Structure formats: C-alpha cells, structure tokens
Amino acid sequence: MDYQKLANLLYPNVKTSPEEILAKYPPRNLKQGEVVSRFAPSPTGFMHIGNFFQMFISYSLCKVSNGVFFLRMEDTDAKREVEGARAFIYDILNRFGIKVDEYPTLDGKDVGNYGPYVQSQRKELYQIFAKDLVARGKAFPCFCKKTEGKEEILEDRKTKFLENDETEYDPCRDLSYEEVKEHLDRGDKFAIRLRTKNTGKERIVFHDLIKGDIEAKANAKDVILIKNDGIPPYPFAHAVDDTLMGTNVVVRGEEYLGSTPVHLEIFEALGFKPIAYCHNPAVCKIGENGNRRKISKRYDPEAKMLYYFEEGYPKEAVLEYLLNIINSGFEGWRAKNPDAKWEDFKFGINDITAVAPIFDLLKLNDISKNIIAKMSAEEVYENWLAWAKEFKPALADYLEANKEYAIKVCGIDRGGLKPRKDIYKWSMIQEYFSYMLNRPTEKEEIDNIANYKEFLTEYAKGFTLPAEKDEWFAGVKSTAEKLGYATDNKLYKANPEAYKGNTAKACEYIRLALTGKKNSPDIYELMKILGEKETLARLKG
RNA sequence: GCCCUCUUGGUCAAUCGGUUAAGACGCAGCCCUCUCACGGCUGAAUGAAGGGUUCGAUUCCCUUAGAGGGUACCA
C-alpha cells in the first residue's frame, strides 16, 4: 500500500509538511522549571467553578515558576457555542485579576507568538499533521456512516467492534486505494482514524503530577483524529496545539485521565514528546442521596463564577478559598503570614489535592470575614459602593450622596486589635446596618415591652451626648439606678427580684430604641455616628 | 460489564513505619461583657472493612466495600 499516494488523494491541497510547521513554532526559551500551561475553555456557557478551579491551578503553577500562562479558545464544537460566552470568560478573568500572557483578543487577533489561539482558526494545521500520519501509514480514512445521536453511534459500534475489549479496529482500516477513491468519487465524507499499533495486550505507565504513576491498558482503538467535518476532536487537537504552543504541563479535569493512553499514542504517532499531565478532581457538593456529586450550575448558585460578584464577595476571599481547597499548604502558610498577599504564596506542586473537595460556603464566609475585617472603613465603603453601582444602583446613589456618613457606618467596630467580623459580602451590609441607614420600623411591638417606655422617657429627659464613653455609661447607670435597676450585676444575680432589671436591661431598651434590635455593636459608638439630635429623636420614639 | 482514580472527625486537612493522630471552618460550653460579634480557654468528633508484611501500621502490600470518572466523529 502506497500511503503517500493515499494521503495525496485525501488531501490534494495540503502541501505543507509538518517540519515546516514545526520550524515556525520553535521551542520556547525557558529556564529550568518554568511551567508553560494554559486555560483552554470552550465558549459554551457561563464560567463554572470547575473551569475556574482548573484554570487557577494552571495559573498558579505558571506564576510560581515564572513561566507562561496562555489562553486557548476551544471552539471546535460550533453547535454548542453560546453567544456572549467568549466575552464572559475574559470578564471573569479580569474581575479576578488573572493575568494571561498570550491569548486571542475578542475580535480575533492574537497576542503572543504561538497562535492562532482559537482552535477554529487552526484547521489547516490539523490537516497537515493528519495528512502526514496517513502518509506514514499511522492513520487512515474512515467512511463509516456518521451518526447524529449517541444511541445510534453505540449501536453502530456494537456491530463494528469486537466485544472482547482487546482491540477496536475499525473496518475501514484496511480499505484499498481503489475503495477509498470510489468513496471519494461518490462524494462521501471521510474522517481520519488512528491506526493503533497496539493489540490490546500492552500496558503503559505514565506520570501524573497529582496522582503519581498510573499504569493502564494502552490504547487499542482506531480513534477519530479528524471528524468528517475536517475538525479534530479534543485528543488530536490537544496533541497538535499543546505541542506547537510549547505547553509543558497540561492541567485538566480528572475526566480526561481515562483517555490519556489515547492521547499518548497520538503523541507517539506524531513523533511528539509527551507532556506532563496534572489531572485535577472536580469540585463537589453532597447530593440528596448523601454522595458526592459535581457542583452544578443548575442546582448550586455558587457554581457560577459570577455569583461571587453578585453576592459581593471580595475576589481575594474567593481566590483564597480556592487555594485552600486546591493546595493543602495554603492554610498553614496563611496562618503564619496573616498579612501577606495571597500572590506571595509559594504554590507547591506536590500539595495539590487529589481528592474531590466538597464546596463549603461557610469556610468561604469565614475567609471573607477575615479579609473584610482587615479593611479600613474607606476600603469597605469603596468596595460596597462599587458593588452597589453594578447590582443595586439606588443604594449606590444613596452611598454617594451620603459618603461621609456611610464611611462612618462602615467604620463601626472596625480597626483595632479585635475588629468585628460579621460582614462577609457587600450585599449584606445594607441589611446589617439597616438601622443606621433608616430609622427602625415596627415600633409598636417594642413600645409595649414592659418598662420600656418608662425607662426611655426618663433617660431622654435632658439627654445630651457626652464626649466620653465612661461619662455616657455613667449616665445610663444613673437613670437605671433611679428607676430601681441594679447597677452591680453580682448583686442583681444574687437577688433578681429586688430589682426591675440590671444595666444590661437598661441598655437593651436603649438599643431597641436606637436600632429596633436586641443585638448591635456598641451603643455609644452608634450614638456618636447618629449624632445627638437623631439619637434623641429615636429615644423619644 | 470493562478500565482508571479516590477513601483520616460534619467540611478542608497534617502525618511521608514509632505522635496523647496537628491545625482551620462549623458545633457545644465557659470567660470577657451593655447585647451581638471579636478575643481567650475548654470540649465533643477522624484513620471504610478484612487480611497480610513488620518488633511496631493511618502510613507498605492484597482483597472487599463505597464514591467519582471514563468506556462518543463531546470536551
């Protein structure tokens, strides 16, 4: 069989040789240990935490090694493309401050020397390598009926392939030149399949950066290299693209682990050096049946990366949380370096998690609380305002019109050694400090509380806001004492019947009058921010 | 069915043959205190099961179980 002749029959217009292409993509000039990796999303929807998780591992490996991180748009499946999805990918990356070294711009230009970075623009490249494979007898054209639905494919395969799991040789692998020509003359479309060299008995070992050495059965299927629409499915595109682009670590989801032997054989057939793999597990949730299940956009709002912005989580909180579940070294590092930026964490390749983590919103909240607790009142205000501008314009207007006051509110119990840690997302501040932004409503119920009115009437008499907290507290105590409240808690506890209540009770009344709530930050601090006039108005009801 | 991966408290997890099996979140209690929070202290809670190997297994090996993934002209 003259394979070269066959190749020319299949691809009469492809004249370029693989060598010429390879020469155009010289090896990158890298120092020892520098990682070249990529984020290769399909523009099929809104960015999912799983994509982001995987991207973030890839990005971190590049960053810690001072390597190259690039973006490749995998848009070979035009049917699944969703409008706006491309722009959305860039939007999320930008929001999180993820810097990409090489990428395709939205209007189709390339930044970087190893493009095109959009797969749909690389069709010729794939055909050059496919033709070469045919010419060397390592691949062949397949004219089997293309099927639309999965069932049909499987039905088709049942009759086509052996059931013994040893080999899956395609019936077209031994078509003669004449038979191929006949098909072509009839106008039949062809796919290209790999002519596997294996017999189903061979085993291979490959190394995974997370899981270590993995032994598996070598590929023994004549897998598709080029679909009959001329576009390669993932494995062939991966081999060609990542080789030409100089990728040296491929970070991808665990779902690819099983097909790695296929990829390895394709690399070998092409004469390419294999690339290191890092198969990361999926982010999970506990399902209704108590088992792990992949976190899903449909059921879990937190699966969508935009969710964190809608809710108003600081981006650092989300990133740190992810680092926390990606890399077991992070939390310890954070404990030792409480004030360092997350960017300074030395991401250890050996510490990447091998177990599918269960997403824990409570932990995220905790990390977020600590991050927000370290911010100044001005920073909180700016973040809150930026969030409101995007998601709650009316609130943004209020915040801008009352900037000074709003900053004071943001500053409540902030700073100092033991800052308050209640707030973990911007969207909760408005409700949290609602009583500072508006007078409390639902007064009637409060007014009916026993002794409430009596105390406040007395307390409001001649009320002035002292300059010192001690003085203020003395005032509260004096009113309380006058009305028969205990100001010494030990005495009160020993004999509660003798009193109307204690200082705590008195403070509760004041707090209710000011905030409408039984819990709030320090009363005196609130009074100072509200001002004497507003405080008095609220005390008088 | 077959193939691959994973399995330490509720969650994230440390240990890389010898520890009273760290730490964080969450939970409970106590202290502080004008409430709540913060902070401090204390506590409950973990090696999937069964076999080996070893003086000694959470750690190494095997079996089983469970979970996840794959088994497409999807990625």
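Here are some worked exercises on a predicted model of a protein chain with RNA strand B.

Residues are numbered from 1 along each chain as its sequence is written, while chains are lettered from A and ligands numbered from 1 in the order in which they are written. Because the model is predicted, local features need pLDDT of at least 70 and side-chain atom pairs count only at pLDDT 80 or more, whereas totals for chains, interfaces and linings use all residues.

**Exercise 1. The surface near the RNA**

Task: Find how many residues surround RNA strand B, and which are the closest.

Solution. Start with the cut-off: a residue is near a strand if its C-beta atom, placed from the backbone, lies within 6 Å of it. By that rule, 62 residues surround RNA strand B, and the closest are Lys227, Tyr234, Gly258, Lys418 and Asn519.

Next, look at the elements; helices (H or I, at least four residues) and strands (E, at least two) are DSSP runs, numbered from the N terminus. Those that each supply at least two residues of this surface include the strands β8 (212-217) and β13 (292-294), along with helices such as α6 (150-160), α11 (315-326) and α23 (503-515).

Finally, sort by type, where Ala, Val, Leu, Ile, Met, Phe, Trp, Tyr, Cys and Pro count as nonpolar, Asp, Glu, Lys and Arg as charged, and the others, Gly among them, as polar. The surface near RNA strand B then divides into 25 nonpolar, twelve polar and 25 charged residues.

**Exercise 2. Two helix pairs**

Task: Work out how α20 packs on α23, and how α1 lies against α7.

Solution. Two packed helices are described by the angle between their axes and the distance between the axes. Axes are lines fitted to C-alpha atoms, for helices over the stretch in contact, and angles run from 0 to 180 degrees between N-to-C directions. Angles under 35 degrees count as roughly parallel, over 145 as roughly antiparallel, 65 to 115 as roughly perpendicular and the rest as oblique.

Take α20 (residues 452-460) and α23: their axes are 10 Å apart, at an angle of about 85°. That makes α20 roughly perpendicular to α23. For the contact, two residues count if their C-beta atoms, placed from the backbone, lie within 7 Å. Tyr452, Phe455, Leu456 and Tyr459 of α20 meet Ala506, Tyr509, Ile510, Leu512 and Ala513 of α23. The residues of this contact are nine nonpolar, no polar and no charged.

Now take α1 (residues 3-10) and α7 (residues 177-185), whose axes come within 11 Å and cross at roughly 0°. These two helices are therefore roughly parallel to each other. Lys5, Leu6 and Leu9 of α1 make the contact with Tyr177, Val180, Lys181 and Leu184 of α7. Here the split is five nonpolar, no polar and two charged.

**Exercise 3. Checking and burying α11**

Task: Compare the span of α11 with its expected value, and decide which of its residues are buried.

Solution. The expected span of a helix is 1.5 Å times one less than its number of residues. For the twelve residues of α11 this gives 16 Å, and the end C-alpha atoms are 16 Å apart, so the two agree.

For burial, count C-beta atoms placed from the backbone: a residue is buried if 20 or more others lie within 10 Å of its own, exposed if 12 or fewer, and partly exposed in between. Nine of the twelve residues of α11 are buried, so the helix is mostly covered. Among them are Ala317, Glu320, Tyr321 and Ile326. The cover includes α3 (49-64), α4 (85-96), α10 (306-311), α12 and α13.

**Exercise 4. Positive phi**

Task: Asn66 and Asp413 both have a positive phi; where does each lie, and is each buried, partly exposed or exposed?

Solution. Most residues other than glycine have a negative phi, and most peptide bonds are trans. Asn66 has a phi near 65° and lies in the loop between α3 and β2 (68-71). With 11 C-beta neighbours inside 10 Å, Asn66 counts as exposed.

Asp413 has a phi of about 55° and lies in the loop between α16 (403-410) and α17 (429-432). Asp413 has 16 other C-beta atoms within 10 Å, which means it is partly exposed.

**Exercise 5. A residue in a strand**

Task: Place Arg38 in its element, and say whether Arg38 is buried or exposed.

Solution. Arg38 belongs to strand β1 (residues 36-39). Its 29 C-beta neighbours inside 10 Å make Arg38 buried. Leaving aside neighbours within four places in sequence, Arg38 is in contact with Ser58, Phe69, Phe70, Leu71, Arg72 and Thr247.
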